[in-house]
Amino acid sequence: MTDAEPPIPGRGLPLSARAPGKCIVFGEHAVVHGAPELLFAIDLHTQVFVRVAEVTRLNADPEASARNGYFRAALERGWAAGPPVDVRAISRIPRAAGLGSSAAFASALAAVFLSARGGATRAELAQLSFEIERGAQGVGSPGDTSAVVGGGYLAVNGGPGEPLWTVASGDQRWAVRRVPDPGWVWVVAHSGIPRSTGDAVRAVGQRLARPDGPELLDQFAHAATAGIDAVGRGDRPKVAELMRRNQELLREVGVSHPRLEALLEAAAPASQAAKITGAGAGGSIVVLPVPGKEADLVRRLARAGGLPFVVRPAPEGAALVEG
Ligand code: PMV
């Protein structure tokens with residue numbers, strides 16, 4: 001935790017907070033097993049509004065805590081001793097798309113609960129947000145929740161310098177560091193195919209338990225370590241080469257999908273590199289556009305049936321919204 005990371009101040013309900021989504025450039029899945037990852041917060045947000053009420057509800061649904069594992073986990077882990085709350089959530093992040101909608105919801109709600117309980121450091125917000133997401137999914141790393149708490153570009157288990165914070169689960173530890181923003185514009189495209197992060201993470205875990213698993217994990221780690229360095233130096237050709245390498249590894253562990261392959265192919269003429277982002281098996285791709293060809297790229301992805309977004313890093317992570 002550095003002084004540069006603002007804490008969550010203590011305030012009373014009603015409160016509102018918002019958090020950005022995220023996009024993983026290198027190391028998804030491998031990060032669950034301790035390898036490095038590079039990701040950035042994206043400028044699409046989820047906002048929550050929370051007030052004390054007679055009955056706990058999410059978007060007017062009094063059954064939401066039974067239906068929605070993230071809401072249930074947030075209440076259990078962040079608000080166990082609190083009164084019933086009425087929560088309204090609005091989001092511009094597509095759901096189950098690998099773009100961090102669940103991490104943004106978890107950390108915005110965690111920011112409100114921690115504030116109402118007297119305030120917290122950003123490290124505590126990162127830890128609680130991770131516990132909510134992991135509580136709902138059963139598996140996973142703190143990469144997504146740290147990105148949406150920290151904002152900007154972040155490296156997990158890699159990069160130079162002092163960690164901003166370290167997130168723990170049992171014996172496992174993930175150190176989170178800031179990476180300089182190279183100032184690039186990215187394009188992501190959602191395939192429209194929803195999938196479960198937990199199922200994809202468990203399937204990759206089984207794949208990595210086979211005899212060649214450790215060697216594959218080393219290759220993921222190598223691509224992400226070099227990728228963190230290349231993004232930090234703003235070396236676009238190197239980042240593109242390493243994204244292509246990372247994509248081959250994601251295919252190898254079985255998380256591609258014909259719709260994702262079709263989007264990758266459609267992106268090729270206007271991109272320096274493209275790969276799956278997030279858990280895969282559906283969800284989204286991330287593309288490093290050929291500079292100046294962003295609009296052409298968006299057209300190609302839309303024509304191929306994807307839902308494209310031009311994304312820039314959101315410099316600010318989860319925060320209370322004043323007023
Ligand atoms: O839920 P998604 O698609 O954003 O995937 C998260 C990235 C994984 O590495 C697959 C899981 C994790 O918790 O790190």
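User: What makes a molecule count as sitting in a pocket, and where does the ligand sit in this model?

Analyst: A molecule sits in a pocket if more than half of its atoms lie within 2 Å of the pocket's grid points. In this predicted model, the ligand sits in the largest pocket, so that criterion is met. Two elements, β1 (15-26) and α6 (197-208), give two or more residues to the shell around the ligand.

User: Why is the pair formed by Ser-141 and the ligand called a polar contact?

Analyst: A polar contact is a pair of N or O atoms within 3.5 Å. A polar side-chain atom of Ser-141 lies 2.6 Å from an oxygen atom of the ligand, so the pair qualifies. For Asp-144, the distance from a polar side-chain atom to a ligand oxygen atom is 2.9 Å, and for His-29 a polar backbone atom is 2.8 Å from an oxygen atom of the ligand; these pairs therefore qualify too.

User: How do you know that the protein covers the ligand?

Analyst: Taken alone, the ligand exposes 380 Å², and the protein buries 97% of that.

User: Which residues come nearest to the ligand, and how does its shell divide by class?

Analyst: Among the 15 residues around the ligand, Lys-22, Ser-141, Arg-195, Thr-197 and Ala-279 come nearest. The shell has five nonpolar, six polar and four charged residues.

User: What volume does the largest pocket have, and which residues are closest to its centre?

Analyst: Its volume is about 850 Å³. The lining has 42 residues, of which Tyr-70, Ala-96, Ser-101, Ser-102 and Gln-137 are closest to the centre. By class, 17 lining residues are nonpolar, 17 polar and eight charged.

Terms used: Residues numbered from 1 in each chain as written. Predicted model: local features only at pLDDT ≥ 70, side-chain atom pairs only at ≥ 80, totals over all residues. Heavy atoms only, no water. Near = heavy atom within 4 Å. Polar contact = N/O pair within 3.5 Å; in protein donor to acceptor, adjacent residues only side chain to side chain. Areas by Shrake-Rupley, 256 points an atom, 1.4 Å probe, with all protein chains shown as cover. 1 Å grid on protein atoms, 1.4 Å probe; cavity = no way out; pocket = protein on both sides within 12 Å on 5 of 7 lines; lining within 4 Å. Helix = DSSP H or I, 4+ residues; strand = E, 2+ residues; numbered from the N terminus. Nonpolar A, V, L, I, M, F, W, Y, C, P; charged D, E, K, R; others polar. Points joined across faces, edges and corners; volume = space filled by probe spheres on them.
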